[in-house]
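Here's a quick briefing to read with the structure open beside you. Have a look at the fold before going through the bullets.

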Amino acid sequence: MSLGSSDDDPLPGSPELLRSVFRRHAAGVAVITAETGGRPAGFTATSLNSVSADPPLLSFTIGTGASSWPAVRDSEYLGVHILGEHQRELAGLFARSGADRFGAQTEWAPGPHGVPLLGGVLAWMVCRVVARVPAGAHRVVIAEAVAGDPAGEGRPLLYHQGRFNALRD
């Protein structure tokens with residue numbers, strides 16, 4: 001069967017196949033934040049999706065082994081931040097396990113419902129969690145936007161081929 005550039009048979013479904021296909025898929029970069037026990041938590045997500053405009057729902061995934069999972073699991077409200085191309089270092093910081101994500105190098109402040117909000121982002125929303133759906137070793141979190149600001153300046157940061165990239169014209 002020849003659908004693309006290869007005459008080989010399709011590869012069987014596997015984690016490797018999924019990873020290799022999604023390396024070719026450019027995704028926007030977001031940071032999800034939460035507050036639990038008076039401490040901020042957060043992680044970089046490339047799985048952010050719009051689900052519905054009315055009601056205003058979005059979704060993202062998180063692994064149940066992630067250090068931020070307990071905060072996401074226990075929080076009623078979360079922050080969703082769309083990163084700009086000037087924020088590659090911030091995206092990397094929130095993607096690194098064991099990093100001091102809310103240290104002196106990170107501009108942030110408590111926002112509505114106590115959610116940690118990051119500074120300098122293209123856009124942010126505070127969302128109320130409506131569902132956490134099991135999906136393998138992950139959870140699909142569905143949340144409803146309750147507040148936000150889309151007025152940041154700049155161009156979006158993308159994730160492609162395992163790297164953070166800028167948008168080209």
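What follows is a short tour of the sheets, a helix that packs on them, one strand residue and a surface patch. Keep in mind that this is a predicted model.

**The seven-strand sheet**

- Seven strands make up an open sheet, running in the order β3-β2-β6-β9-β10-β5-β4 with antiparallel pairing.
- At the edges you'll find β3 (39-45) and β4 (49-52); each has a single partner strand, so one side of each has no neighbour in the sheet.
- Going from one strand to its neighbour in this sheet, the turn averages 35 degrees, direction ignored.
- Further in, strand β6 (residues 77-82) pairs with strand β9 (residues 123-135) in the antiparallel sense, over six bridges.
- One residue to click on here is Ile82, whose bridge partner in β9 is Ala123.

**The three-strand sheet**

- There's also an open sheet of three strands, ordered β1-β11-β12, and its pairing is antiparallel.
- Its edge strands are β1 (27-28) and β12 (163-166), each pairing on one side only.
- Two bridges hold the antiparallel pairing of β1 with strand β11 (residues 157-160).
- Ala27 has Tyr159 as its bridge partner in β11.

**Helix α3 and the two sheets**

- On the three-strand sheet, helix α3 (residues 88-95) packs against the strands, touching β11 and β12. The direction of α3 makes about 160 degrees with that of β12.
- On the seven-strand sheet, α3 packs as well, touching β2 (30-36) and β3. Here the direction of α3 makes about 110 degrees with that of β3.

**Ala145, a residue in β10**

- Ala145 sits in strand β10 (residues 138-149).
- Why does Ala145 count as partly exposed? Its relative accessible area is 22%, and the partly exposed class runs between 20% and 50%.
- Setting aside neighbours within four places in sequence, Ala145 is in contact with Pro56, Met125, Val126 and Cys127.
- Val80 is 65 residues away from Ala145 in sequence, while their C-alpha atoms are 9.1 Å apart in space.

**A nonpolar patch on the surface**

- Which residues form the nonpolar patch on the surface? They are Leu18, Val21 and Phe22, and together they have about 310 Å² of accessible area.
- Val21 belongs to helix α1 (residues 15-22).
- With a relative accessibility of 47%, Val21 counts as partly exposed.

Terms used
Residues numbered from 1 in each chain as written. Predicted model: local features only at pLDDT ≥ 70, side-chain atom pairs only at ≥ 80, totals over all residues. Heavy atoms only, no water. Helix = DSSP H or I, 4+ residues; strand = E, 2+ residues; numbered from the N terminus. Buried < 20%, exposed > 50% of the residue type's maximum accessible area, 1.4 Å probe, protein only. Contact = heavy atoms within 4.5 Å. Patch = residues over 30% accessible without salt bridge, like charges linked within 9 Å, V, L, I, M, F, W, Y side chains within 5 Å. Areas by Shrake-Rupley, 256 points an atom, 1.4 Å probe, with all protein chains shown as cover. Salt bridge = Lys/Arg side-chain N within 4 Å of Asp/Glu carboxyl O. Pairing = 2+ DSSP bridges. Axes fitted to C-alpha atoms, helices over the stretch in contact; angles between N-to-C directions.
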